[in-house]
Amino acid sequence: MAERMTYVLVDGENIDATLGNSILGRRPRPDERPRWDRVLEWAERSFDQSASGLFFLAAGTELPISFVQALNAIGFRPIPLSGEGKVVDIAIQRTAEALVDREADVLLVSHDGDFVDQVARLCDGTRQVGVVGFGEFVNSAFRGLPGVRLIDLEYDIGAFNTPLPRVKIIPIDEFDPLDFL
C-alpha cells in the first residue's frame, strides 16, 4: 500500500493577486513573494507525512522558465494549463474531486470561494484538510466547513522573508474623526 500523502494544491495567481492588489497595492517584487518551499516543509511537518506540491499555472503562449525550474527544484510539480475560462480553478476543482476517492490529506492554497464545494466534500472526517492564505482574505464560506483548518501564509507558515504591511487598526479611544475629515 502506498504511503499516505498530503497534497498541496496551489492557486498561485490567486495568492499573487491578493498579495499585490489587496496588501501591497502594486505588483509584488520577487523578494516579496511567498517562499513556496516553506509551504511544503510546513505541510510535511504539520501533517507528519510526505507532501506533494501541485502548482497550477495559467499559461498563455509561454511561462517564465526560471520560475518553473525553481518550482521543480523545491519539490513542486508545475502544472501549466491553457484553454477557455478559469483553467486554474477548473484544474484545482477536478484535482480536489479526484482526491475524494484517495486516502490523502489536502491543503488548498487559495482564498477563492470557487473551491468551497470541493473542500466540503473532502471534509469527510477521514482526512486533514486545510486552507492556506492570508487569513483576512480567505473566503468566509471555508470557515463554516467542519474540520477545515485555516492556516495563515505569513503568520502560521512564515512564508515571507520580511513582514508584510498591514492596515493600522485604531483603538476607539484614540479615534478622532477630524483625522479623516
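This is a guided tour of the structure above, one selection at a time.

Before you start clicking, note that this is a predicted model, in which local features need pLDDT of at least 70 and side-chain atom pairs count only at pLDDT 80 or more, while totals for chains, interfaces and linings use all residues. Residues are numbered from 1 along each chain as its sequence is written, and side-chain values use heavy atoms, with hydrogens and water left out.

**Stop 1: the whole chain**

Show the cartoon and trace the chain from its N terminus: the elements run β-α-α-β-α-β-α-β-α-β-β. That gives five helices and six strands; helices (H or I, at least four residues) and strands (E, at least two) are DSSP runs, numbered from the N terminus.

Now zoom out. The C-alpha trace spans about 65 × 40 × 35 Å along its principal axes. With 181 residues, the chain has five helices and six strands, and its radius of gyration of 18 Å is close to the 16 Å of the globule rule, so the chain is as compact as a globular protein of that length. The radius is taken over C-alpha atoms, and the globule rule is 2.2 Å times the number of residues to the power 0.38.

Switch on the surface. About 10,200 Å² is accessible, and carbon and sulfur atoms account for 51% of it; such areas come from the Shrake-Rupley method with a 1.4 Å probe, and for residues only the protein chains shown count as cover. Of the 181 residues, 44% are buried. Here buried means under 20% relative accessible area, exposed over 50% and partly exposed in between (1.4 Å probe, protein chains only). Contacts (heavy atoms within 4.5 Å) tell you about the fold as well: among those between residues at least 6 apart in sequence, 60% join residues at least 24 apart.

**Stop 2: helix H1**

Select residues 12-24, which form helix H1. Which residues of H1 are buried? They are Gly12, Asn14, Ile15, Thr18, Leu19, Gly20, Ile23 and Leu24. To see what covers them, add E1, H2, strand E2 (51-58), E4 and E5, which are included in that cover. Then step just past the helix to Gly25, whose phi is positive, at about 75°.

**Stop 3: an aromatic cluster**

Next, show Trp36, Phe55, Phe67 and Phe76 as sticks; these four form one aromatic cluster. Rings of Phe, Tyr and Trp (its six-membered ring) pair if their centres lie within 6.5 Å; planes under 30 degrees apart count as stacked, over 60 as edge-to-face and the rest as tilted. The count by this rule is seven aromatic pairs. One of them joins Trp36 and Phe76 edge-to-face, with 6.4 Å from centre to centre and 80° between the planes. Trp36 sits in helix H2 (residues 36-47) and Phe76 in strand E3 (residues 76-81), so the pair ties together parts that are 40 residues apart in sequence. Trp36 is buried at 8% relative accessibility, and Phe76 is buried at 2%.

**Stop 4: salt bridges**

Side chains of opposite charge can pair when their charged atoms come close. A salt bridge here is a side-chain nitrogen of Lys or Arg within 4 Å of a carboxyl oxygen of Asp or Glu, and the count comes to eight.

Begin with Asp105 and Arg4, bridged at 2.9 Å from N to O. This pair links distant parts of the chain, 101 residues apart: Asp105 is in strand E4 (residues 104-109), and Arg4 is in the segment before strand E1 (5-11). How accessible is Asp105? Its relative accessibility is 2%, which counts as buried, whereas Arg4, at 28%, is partly exposed.

Move to Lys86 and Asp89, whose side chains meet at 3.3 Å; Asp89 is buried at 7%. Then pick Asp124 and Arg127, with the closest N and O atoms 3.1 Å apart. Asp124 is partly exposed at 37%, while Arg127 is buried at 10%. Finish this stop with Arg26, Arg29, Asp31 and Glu32, linked in a network of salt bridges.

**Stop 5: Arg143**

Last, select Arg143, in the loop between strand E5 (129-133) and strand E6 (148-152). Arg143 is partly exposed, at 48% relative accessible area. Leaving out residues up to four places away in sequence, Arg143 touches Gly135, Val138 and Leu150. Look closely at Gly135: its backbone oxygen lies 2.7 Å from a polar side-chain atom of Arg143.

How values were computed
Polar contact = N/O pair within 3.5 Å; in protein donor to acceptor, adjacent residues only side chain to side chain.
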